[in-house]
Amino acid sequence: MAKTGGTTRSASAPALDSVDFALDRGSPVPLYYQLAQQLESAIEHGVLAPGNLLGNEIDLSTRLGLSRPTVRQAIQSLVDKGLLVRRRGVGTQVVHSQVKRPLELSSLYDDLEAAGQGPTTRVVRNEREAARSEVAAALGIAEGAEVVALERLRSTHGQPMAYLCNYLPATLLDLDTARLEATGLYRMMRTAGITLHSARQTVGARSAAPEEAARLDERPGAALLTMERTAYDDTGRAVEFGTHVYRASRYAFDFRLLVRP
């Protein structure tokens with residue numbers, strides 16, 4: 001294993017020889033998240049191919065100079081995304097690269113209203129809390145810093161369609177519950193003078209857990225669409241991190257694909 005300044009390089013496992021890990025131990029971004037992001041990028045760009053073995057957690061922690069819990073958390077996050085699989089007696093193996101497609105930066109409320117669906121919102125939670133590692137990394141703030149946590153149930157024609165969880169820096173704007181139930185979050189941000197510029201977004205799918213099924217009036221195990229998004233303003237500042245689930249029986253993402261010349 002070779003180290004240069006704040007960079008840690010793996011030089012043992014064949015599948016990882018071509019991956020140049022750069023782990024910044026002085027960053028507020030948790031090490032597990034840095035490792036997971038770099039592994040995901042390597043898979044996405046074909047540096048790590050389907051079938052490649054990464055070894056077990058003990059080997060990886062030794063190669064990268066990280067604690068075993070840190071490596072385990074990074075691997076689990078990619079197992080949950082379907083990028084890696086743990087095989088007994090074999091170790092951790094790349095399954096496939098994740099398909100990511102950009103969507104228009106808009107809010108569900110605006111989309112439903114434009115379609116004449118008459119959206120309604122029930123705010124389930126609107127309170128301040130200490131940012132956990134995933135939220136802190138997405139917003140570019142220190143873990144434990146104060147954020148506003150929102151949970152909302154969005155419905156159309158009296159039927160639930162999506163459950164939305166959003167996290168924003170605590171000092172960004174005043175998020176009044178009554179206003180949140182009367183309009184969309186992005187509309188409130190625009191009214192406050194925040195100009196949304198871009199976002200990084202991931203779309204996926206999974207089965208509904210019992211609690212989610214109850215919220216969305218679905219049966220346990222029903223298909224859900226998922227979306228994770230970090231939105232940025234025109235200064236490049238992360239202003240919102242959201243993790244949303246949608247009823248696949250009632251909602252679909254629409255893509256416009258262009259052929260490159």
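Which residues is His244 in contact with, leaving aside its neighbours within four places in sequence? That is the opening exercise of this set, which works through a predicted model.

**Exercise 1. Describe the surroundings of His244.**

Step 1. Place the residue: His244 is found in strand β11.

Step 2. List the contacts. Leaving aside neighbours within four places in sequence, His244 is in contact with Tyr163, Leu164, Cys165 and Asn166, and also with Leu225, Thr226 and Met227.

Step 3. Check the accessibility. Buried means under 20% relative accessible area. His244 has a relative accessible area of 10%, so it is buried.

Step 4. Look for a polar partner: the side chain of His244 makes a polar contact of 3.3 Å with the side chain of Tyr246.

**Exercise 2. Work out the strand order of the six-stranded sheet, and say why one side of β6 and of β9 is left without a neighbour.**

Step 1. Read across the open sheet: its six strands follow the order β6-β7-β8-β11-β10-β9, with antiparallel pairing.

Step 2. Go to the edges. β6 (119-130) and β9 (196-207) each have a single partner strand, so one side of each lacks a neighbour in the sheet.

Step 3. Add the twist, which averages 15° from one strand to the next.

**Exercise 3. Follow β8 to its partners on either side.**

Step 1. Start with β7 (residues 146-156), which runs antiparallel to β8 (residues 159-169) and is joined to it by 10 bridges. Two residue pairs to find on your screen are Leu153 with its bridge partner Tyr163, and Arg152 opposite Leu164.

Step 2. Look at the connection. β7 and β8 form a hairpin with two residues between them, and His157 in the turn has a positive phi of about 50°.

Step 3. Turn to β11, which pairs with β8 in the antiparallel sense over six bridges. Here Tyr163 has Val245 as its bridge partner.

Step 4. Ask how covered the strand is: 10 of the 11 residues of β8 are buried.

**Exercise 4. Glu240 is buried: find what its side chain makes a polar contact with.**

Step 1. Locate Glu240 in strand β11 (residues 238-247).

Step 2. Search for a salt bridge. A side-chain nitrogen of Lys or Arg would have to be within 4 Å of a carboxyl oxygen. The nearest side chain of opposite charge, Arg229, is 5.4 Å away, and Glu240 has no salt bridge.

Step 3. Search for a polar contact instead. The side chains of Glu240 and Tyr186 make one at 2.7 Å.

Step 4. Fill in the neighbourhood. Not counting residues up to four places away in sequence, Glu240 touches several residues, including Leu139, Asn166, Leu168 and Thr230.

**Exercise 5. Characterise Thr121 in the edge strand β6.**

Step 1. Thr121 lies in strand β6, and its relative accessibility of 10% means that it counts as buried.

Step 2. Its side chain is joined to that of Arg154 by a polar contact of 2.9 Å.

Step 3. Now compare sequence and space: Thr121 and Thr183 are 62 residues apart along the chain, while their C-alpha atoms are separated by 8.0 Å.

**Exercise 6. Contrast two salt bridges, then find a network.**

Step 1. Begin with the total, which comes to 11 salt bridges.

Step 2. Take Glu211 and Arg215, whose side chains meet at 2.9 Å, N to O. Both lie in helix α8 (residues 210-216), four residues apart, about one turn of the helix. Glu211 is exposed at 55% relative accessible area, whereas Arg215 is partly exposed at 31%.

Step 3. Take Glu218 and Arg247, which meet at 3.0 Å, N to O. This pair links distant parts of the chain: Glu218 is in the loop between α8 and β10 (223-233), and Arg247 is in strand β11, 29 residues apart. Arg247 is buried, with a relative accessible area of 7%.

Step 4. Finish with the network, in which salt bridges that share partners join Arg125, Glu127, Glu129 and Glu151. One of its links is the salt bridge between Arg125 and Glu127 at 2.8 Å, N to O. Glu127 is partly exposed, with a relative accessible area of 41%.

Terms used. Residues numbered from 1 in each chain as written. Predicted model: local features only at pLDDT ≥ 70, side-chain atom pairs only at ≥ 80, totals over all residues. Heavy atoms only, no water. Buried < 20%, exposed > 50% of the residue type's maximum accessible area, 1.4 Å probe, protein only. Lys, Arg positive; Asp, Glu negative; His and termini not counted. Polar contact = N/O pair within 3.5 Å; in protein donor to acceptor, adjacent residues only side chain to side chain. Contact = heavy atoms within 4.5 Å. Pairing = 2+ DSSP bridges. Axes fitted to C-alpha atoms, helices over the stretch in contact; angles between N-to-C directions.
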